[in-house]
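Me: I've got a fold open on my screen and would like to know where its labels come from. Can you take me through them?

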Amino acid sequence: MSFMQIKDLNVHYPIRGGFFNTVVDHVYAVDGVTMEFEKGKTYGLVGESGSGKSTTGKAIIGLEKITSGSVIYEGEDVTNKRRNRNSSFNRDIQMIFQDSTSAMNPRKRIQDVLAEPIRNFMNLSPKEEKKRMIELLEIVGMSEEALLKYPHEFSGGQKQRLGIARAVACNPKMIIADEPVSALDLSVQAQVLNFMKDIQTEFGLSYLFISHDLGVVRHMCDHISIMYKGRFVEQGTQKDIYTNPQHVYTNRLLSAIPKIEPTTRAQRKEERRAVEIAYRADAEKYYDQDGKVYPLKDFSPTHKVAMMTSERGEN
Ligand SMILES: Nc1ncnc2c1ncn2[C@@H]1O[C@H](COP(=O)(O)OP(=O)(O)O)[C@@H](O)[C@H]1O
Ligand SMILES: [Mg+2]
């Protein structure tokens with residue numbers, strides 16, 4: 001059973017213009033997105049830059065106003081209640097960002113950065129608080145000495161680990177990780193992803209893992225949703241997406257993954273060209289006349305695809 005459901009989520013930003021500065025149009029940043037989350041699982045949210053991934057994450061956690069749709073958490077509609085301090089939702093769902101530097105106040109020592117969520121959500125004595133902070137640093141492979149340092153004294157990978165420590169401070173159920181390793185070197189990426197996996201196993205955490213790169217989420221995710229212009233084009237298990245992709249946009253993202261196998265550049269170029277040709281040839285199968293993707297349809301019990309079916313006009 002899933003503990004959280006996102007139903008038909010929409011986030012539309014008004015565009016103002018004209019002499020009277022009236023609303024002339026909207027950016028459909030998130031345009032009807034539905035997902036559900038189970039305990040201990042990782043969900044990938046993948047799409048190119050500007051497809052609406054961050055807006056989706058922020059809307060779920062309450063940092064972005066939801067135009068319509070709902071967020072149901074443990075059977076309760078929390079769509080408009082998430083700023084309520086007493087709600088367990090605020091404590092149970094945490095977010096980490098690509099740029100942990102800007103998420104930490106540069107004038108605060110790590111002990112104050114880590115103490116913030118603990119003071120907000122837990123009732124601990126100063127001694128217990130310190131103990132908890134040392135525990136958290138241990139979880140992400142760092143020592144007590146970090147407590148007195150400032151954010152700038154750490155490398156990118158260390159800062160990202162500190163961000164994870166802060167996110168897990170109050171035993172959340174789920175972490176929304178928005179491009180958590182995109183700013184890191186490849187070797188450090190693997191290290192941070194491994195920490196995330198270890199923590200997940202230890203605490204039974206769920207992740208919503210946001211990335212523009214299908215290569216990065218491959219070994220992290222149980223389920224993946226592919227996003228394009230605010231909509232999902234395909235949704236399925238890790239296996240569905242990587243071994244049996246159906247939407248041309250998914251194929252495009254897959255062909256963009258750098259390969260480790262020694263294929264020649266010419267071969268890769270040829271592969272990408274083939275995907276590009278298929279993309280153009282079949283465009284109307286995948287996009288309507290406004291360039292929008294169709295609603296998702298069941299392709300298998302675990303796999304949904306946004307494709308025009310042979311019976312025209314059915315949807
Ligand atoms: N505050 C805002 N006002 C207007 N448009 C916005 C705002 N925030 C994001 N957008 C637009 O919404 C779309 C989705 O943005 P975003 O969720 O950041 O995409 P992603 O995280 O996938 O790169 C983009 O077209 C972006 O320009
Ligand atoms: Mg983003």
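What follows goes through the helices, the sheet and how they pack.

Reply: This is a predicted model, where local features need pLDDT of at least 70, side-chain atom pairs count only at pLDDT 80 or more, and totals for chains, interfaces and linings use all residues. Residues are numbered from 1 along each chain as its sequence is written, while chains are lettered from A and ligands numbered from 1 in the order in which they are written.

Me: What makes a helix or a strand here, and how many does the protein chain have?

Reply: Both are DSSP runs numbered from the N terminus: H or I over at least four residues for a helix, E over at least two for a strand. On that basis the protein chain has 12 helices and 12 strands.

Me: How do you know that the size agrees with a compact globule?

Reply: The rule is 2.2 Å times the number of residues to the power 0.38, with the radius of gyration taken over C-alpha atoms. For 315 residues that comes out near 20 Å, and the protein chain has 21 Å, so the two agree. The C-alpha trace spans about 65 × 55 × 45 Å along its principal axes.

Me: Why do strand 6 and strand 11 count as edges?

Reply: Two strands pair if DSSP finds at least two bridges between them. The open sheet has 8 strands in the order 6-7-8-3-9-10-12-11, with mixed pairing. Strand 6 (93–96) and strand 11 (297–300) each have a single partner strand, so one side of each lacks a neighbour in the sheet.

Me: What makes each of those two a paired strand?

Reply: Strand 6 is joined to strand 7 (residues 174–178) by 4 bridges, running parallel; Ile 96 has Ala 177 as its bridge partner there. Strand 11 pairs with strand 12 (residues 303–305) in the antiparallel sense over 3 bridges, and Asp 298 is matched with Lys 304. Strand 11 and strand 12 form a hairpin, with 2 residues between them.

Me: Why is helix 4 called roughly perpendicular to helix 5?

Reply: Axes are lines fitted to C-alpha atoms, for helices over the stretch in contact, with angles from 0 to 180 degrees between N-to-C directions. Under 35 degrees is roughly parallel, over 145 roughly antiparallel, 65 to 115 roughly perpendicular, and the rest oblique. Helix 4 (residues 110–121) and helix 5 (residues 126–139) cross at roughly 110°, their axes coming within 10 Å. That makes the pair roughly perpendicular.

Me: Which residues of helix 4 and helix 5 meet?

Reply: Contact means C-beta atoms, placed from the backbone, within 7 Å. Gln 111, Leu 114, Ala 115 and Ile 118 of helix 4 meet Glu 129, Arg 132, Met 133 and Leu 136 of helix 5.

Me: And why is helix 4 roughly parallel to helix 6?

Reply: Helix 4 and helix 6 (residues 156–168) cross at roughly 30°, with axes that come within 8 Å. So helix 4 is roughly parallel to helix 6. The contact is made by Ile 110, Val 113, Leu 114 and Pro 117 of helix 4, and by Leu 162, Ala 165 and Arg 166 of helix 6.

Me: What makes helix 10 and helix 11 roughly antiparallel?

Reply: Helix 10 (residues 248–255) and helix 11 (residues 265–281) pack at about 165°, with their axes 10 Å apart. They are therefore roughly antiparallel to each other. Among the residues that meet are Val 248 and Asn 251 in helix 10 and Val 275 and Tyr 279 in helix 11.

Definitions and conventions. Contact = placed C-beta atoms within 7 Å.
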